[in-house]
Amino acid sequence: MATVRGFFTPKTATGRSSLIPSPPWHYSGDLLTVEYRTDPAKVAALLPEPLGLAEEDPGAVAVIWADWQSCSESREELLDPVRAQYKECFAVVRCSYGGRTYSRCVYIWVDKDFAVARGIHQGYPKKLGSIHMTRPHPYGLAAPRIDAGGAFGATLAAADRRLAQAVVRLREPSETNGFVNGHPMAHNRWLPSIEPGKGLALDELIVAGAESFEAGQAWAGEAEIELFDAPTEELADLTVEEVIGGYYRQVGVVWNGGTLLETGTSGAL
């Protein structure tokens with residue numbers, strides 16, 4: 001019998017073909033965030049039991065564009081950039097569990113397969129999409145500065161349909177890059193049983209966050225965001241009732257696992 005290795009499929013004798021390496025995973029990237037308020041009932045509709053609405057500002061939503069470079073502990077991916085670079089756009093709400101407030105990613109799109117695989121492990125509901133955002137640069141007229149007056153645009157599309165677009169114009173330094181995505185993440189890890197009618201083979205409510213975090217100066221400013229209907233997407237159901245603001249920040253994060261809160265919370269399919 002062969003011994004097969006690898007953190008994720010496909011597993012082989014060497015483990016070299018595994019779609020993702022084992023954690024810890026390191027991330028360096030630029031985040032463009034737009035926060036707004038929607039009807040809290042629309043947030044509640046996305047929270048499976050036993051999660052509930054956050055007590056404060058329950059209708060707050062953050063849509064975040066990120067331009068990432070990531071790697072494993074060996075950092076070997078950095079010299080093969082196709083394995084390190086990707087972009088994503090995700091929608092975050094807040095929720096409550098056990099008297100504590102958590103953040104929760106309810107929708108997310110990425111543009112690389114390895115990022116999808118990491119999402120399966122972490123409980124992020126990742127799908128493939130097309131994500132673009134303006135990049136800053138300290139020289140020339142072809143890029144804004146991360147400074148007062150800097151203007152950044154971002155778009156999200158999936159399955160040939162545009163789902164979101166935003167513009168953020170920086171105004172002043174900020175203590176944070178928003179409040180919606182500022183808590184540990186409460187996520188579900190779900191996998192249907194291979195046997196029809198047998199419910200879920202994996203049904204976990206977990207919490208995860210950054211093992212370590214560092215960041216540059218955050219900037220806040222005015223923001224505009226539009227969401228668009230699409231046949232197989234529901235992001236636009238989180239309607240924009242009031243824009244709170246926009247933010248830009250460069251960050252570095254280490255992710256190295258999470259903690260199991262409950263099992264079997266979702267019942268049968």
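Here are three short exercises on this predicted model, each with a worked solution.

Local features need pLDDT of at least 70 and side-chain atom pairs 80 or more, while totals for chains, interfaces and linings use all residues. Residues are numbered from 1 along each chain as its sequence is written, and side-chain values use heavy atoms, with hydrogens and water left out.

**Exercise 1.** Find out which parts of the chain the salt bridge between Arg 37 and Glu 242 links.

*Solution.* Start with the rule: a salt bridge puts a side-chain nitrogen of Lys or Arg within 4 Å of a carboxyl oxygen of Asp or Glu. Arg 37 and Glu 242 meet at 3.3 Å, N to O. Next, place them: Arg 37 sits in strand β1 and Glu 242 in strand β13, 205 residues apart. (Strands are DSSP runs of E, at least two residues, and helices are runs of H or I, at least four, numbered from the N terminus.)

**Exercise 2.** Work out whether Lys 126 and Glu 88 are buried or exposed.

*Solution.* Buried means under 20% relative accessible area, exposed over 50%, and partly exposed in between (1.4 Å probe, protein chains only). Lys 126 has 13%, so it's buried. Glu 88 has 6%, so it's buried too. Their side chains form a salt bridge, with the closest N and O atoms 3.9 Å apart.

**Exercise 3.** Check what Glu 77 has around it.

*Solution.* First, locate Glu 77: the loop between β3 and β4. Glu 77 is buried yet has no salt bridge; Arg 83, the nearest side chain of opposite charge, is 4.6 Å away. (Lys and Arg count as positive, Asp and Glu as negative; His and the chain ends aren't counted.)

How values were computed
Contact means heavy atoms within 4.5 Å. Lists of a residue's contacts leave out its neighbours within four places in sequence.
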